[in-house]
Amino acid sequence: MQAVVIGAGFGGLAAALRMAARGAQVTVVDRLPGPGGRGREFAKSAAGLSFRYDAGPTVLTAPVLFEELFALFGERLSDHVELLPVTPWYQMRFADGSQLDYGGSTAQIQSEIAKFSSADAQAYPAFLAHSQKLFEKGYEELGDQPFLGWQSMLKALPAMMRLRADRSVYALTARYFQDERVRRAFSIQPLLVGGNPFDTTSIYSLIHYLERKWGVWFPRGGMARLVQALVALGQRHGVKFEWDADVQTITTQGGQATGVQLRGGRHLPASTVISNADAGHTLAKLLPLSQQQPKALTSKQYSMGLFVWYFSTKRVYANVPHHTILFGHTYREVLHKIFETQQLSDDLSIYLHRPTATDAQYAPEGHDSFYALVPVPNLAAGIDWQQQAAPFKALLQSELERRILPGLSQCIVDEHMVTPNYFASELLAPLGSGFSITPKLTQSAGFRFPNRAADISNLYFVGAGTHPGAGVPGVVTSAKVVERLLFGSVQ
Ligand SMILES: Cc1cc2nc3c(=O)[nH]c(=O)nc-3n(C[C@H](O)[C@H](O)[C@H](O)COP(=O)(O)OP(=O)(O)OC[C@H]3O[C@@H](n4cnc5c(N)ncnc54)[C@H](O)[C@@H]3O)c2cc1C
């Protein structure tokens, strides 16, 4: 088999490795100058110092999925990447000044919840048991299974309905917990995969059990080290990589893909094409004109956009943990604005990344490294980010300074930001969405973009828009689905 993989995001890299382990000749092409996609690294220099920032994912869960990729070649992840445990997994800070350290054992979590409500602390084991049931069905049984067409979806539906997949993550959480802050802390996870907790199927509450089962980790040197290790693994086993290689068209003949045509005209022949570019974008824009499906972009709801401000400081904020979630005053209301009425809110909910909390060498000595992420409406909202970015960043900076980073404005040494425009122009994400299509029930499993094109039988899809969905574990698992479709099993 001669396979071309379009895109070196986590999903594309995992697919390339799985194909190579099956003996295929594999070439990965990406339009960016290096690997990682949303998980690329930004390298910057200022004041004679080098700063780097993981652009996207920072919370590494289910490292077993990467161990599996190394094991395909008789190698071990731990020989190439050192995974550091993160403690706490997240710190949740609420607008009233209270905080909940999330993560650890059942007893630790219960004692944190008890700060808010002893009844809720008692309810936690039942919530965990529910999350485990969802994990067993949604992750272990269905996660890496192909869903092609109605039949396979119909087979899964009774089990999904028994688990009340129609209920939202927030509604499920509210069944167990009464305190609004506890409800927020245990329902926020869909935002990490592009969903509104009030609209995302409760199947995604499996994320809590997944975190409990395998923990939360950070690769020493950043997520980019993991990306580099995957590329190096591929190179050791014959996978070829081409950067700055922008695919213009997937060429076809008689209903079969024959390869890809790059900007500049070069054609790479293939017997199998796997697209890690957004699946909707691939169907609507990368096929020959007569086969393009413009509806792929309009028939689905794309996730929210992201505003991310990367910055380094010339002082160290030693008391700030690795992952902090700073909730705004409102929750339902701000999410409604982002996902439904598509307005920019000035009540910010912020995720703050401080990798130096786990890996002190991540920043130059005496310096600290951060990114602050705020979910915002995607480009359907028509917000002019050229105009809005600077005032929005100023608001974000003053919120951070007020709530968690005192003296921030005096000590920034390097900074840059990205808006939904970056996702649209560099990653070719429809509507500049952060996570491809949202994970609501009507866009889950068989309702996502299929992992194989309906009418081009050797064109496959991996990545956030496909089954099982966004997030690093999801996209790496989507490569298993493709392997199953091609070979009937996973190695
Ligand atoms: C800011 C941010 C924070 C996140 N945090 C987390 C987290 O903490 N934990 C977690 O698990 N997940 C997180 N996620 C989600 C996770 O990063 C993504 O779901 C996942 O990385 C997407 O991987 P993917 O395989 O879909 O490919 P992508 O990363 O989307 O990569 C696709 C690649 O395809 C390339 N491409 C597109 N079109 C073409 C073309 N025509 N020709 C050539 N190449 C092309 C692009 O250049 C890109 O490199 C985060 C995402 C973001 C944006």
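## A parallel sheet

Which residue in β2 is the bridge partner of Ile-6? The bridge partner is Val-29. The model described here is a predicted one, and this pair of residues belongs to an open sheet of 5 strands. Reading across the sheet, the order is β9-β2-β1-β13-β19, and the pairing is parallel. Because β9 (240-242) and β19 (459-461) stand at the edges, each has a single partner strand, and one side of each is left without a neighbour in the sheet. From one strand to the next, the twist averages 20 degrees. Strands of a sheet pair through backbone hydrogen bonds, and the pairing can be parallel or antiparallel.

## Strand β1 and its two partners

Strand β1 covers residues 2-6. On one side, β1 pairs with β2 in the parallel sense over 5 bridges. β1 also pairs with β13 (residues 272-275), again in the parallel sense, over 4 bridges. Two bridge partners in β13 can be named: Ile-274 for Val-5, and Ser-275 for Ile-6. Ile-6 therefore has a bridge partner in each of the two strands, Val-29 in β2 and Ser-275 in β13.

Is β1 mostly covered or mostly open? β1 is mostly covered, with 4 of its 5 residues buried. The chain passes from β1 through α1 to β2, and this β-α-β crossover is right-handed.

## Helices α1 and α10

Helix α1 (residues 10-21) packs on the sheet, where it touches β1, β2 (25-29) and β13. The direction of α1 makes about 165 degrees with that of β2.

Helix α10 spans residues 279-286, and its buried residues are Ala-279, Gly-280, Thr-282, Leu-283 and Leu-286. What covers these buried residues includes two strands of the sheet, β13 and β19, together with β10 (247-253) and α11 (295-298). In an α-helix there are 3.6 residues a turn, so residues three or four places apart point the same way.

## Leu-60, a buried loop residue

Leu-60 lies in the loop between β4 (49-54) and α2 (64-71). Why is Leu-60 counted as buried? Leu-60 is buried because 22 other C-beta atoms lie within 10 Å, and the cut-off is 20 or more.

Leaving aside neighbours within four places in sequence, Leu-60 is in contact with Val-216, Trp-217, Phe-218, Pro-219, Met-223 and Val-472. Take Pro-219 as one of these: Leu-60 and Pro-219 are 159 residues apart in sequence, but 8.1 Å apart in space, C-alpha to C-alpha.

## Helix α15

Val-472, one of the contacts of Leu-60, falls within helix α15 (residues 472-487). How far does α15 reach from its first C-alpha to its last? The helix has 16 residues and reaches 23 Å, close to the 22 Å expected at 1.5 Å a residue. α15 is mostly covered, as 13 of its 16 residues are buried. Just after α15 comes Gly-488, which takes a positive phi of about 85 degrees.

## Around the ligand

How many residues surround the ligand? There are 36, and the closest are Gly-7, Gly-9, Gly-11, Gly-37 and Gly-463. Of these, Gly-11 falls within α1 (residues 10-21).

At least two residues of the shell come from each of α1, β14 (305-313) and α15. The largest share, 3 residues, comes from α1. Helix α1 thus appears twice in this report, packed on the sheet and supplying residues to the shell around the ligand.

Key:
Residues numbered from 1 in each chain as written. Predicted model: local features only at pLDDT ≥ 70, side-chain atom pairs only at ≥ 80, totals over all residues. Pairing = 2+ DSSP bridges. Axes fitted to C-alpha atoms, helices over the stretch in contact; angles between N-to-C directions. Contact = placed C-beta atoms within 7 Å. Buried ≥ 20, exposed ≤ 12 C-beta atoms within 10 Å, placed from the backbone. Right-handed = clockwise from strand over helix to strand, strands pointing away. Expected span 1.5 Å × (residues − 1). Near = placed C-beta within 6 Å.
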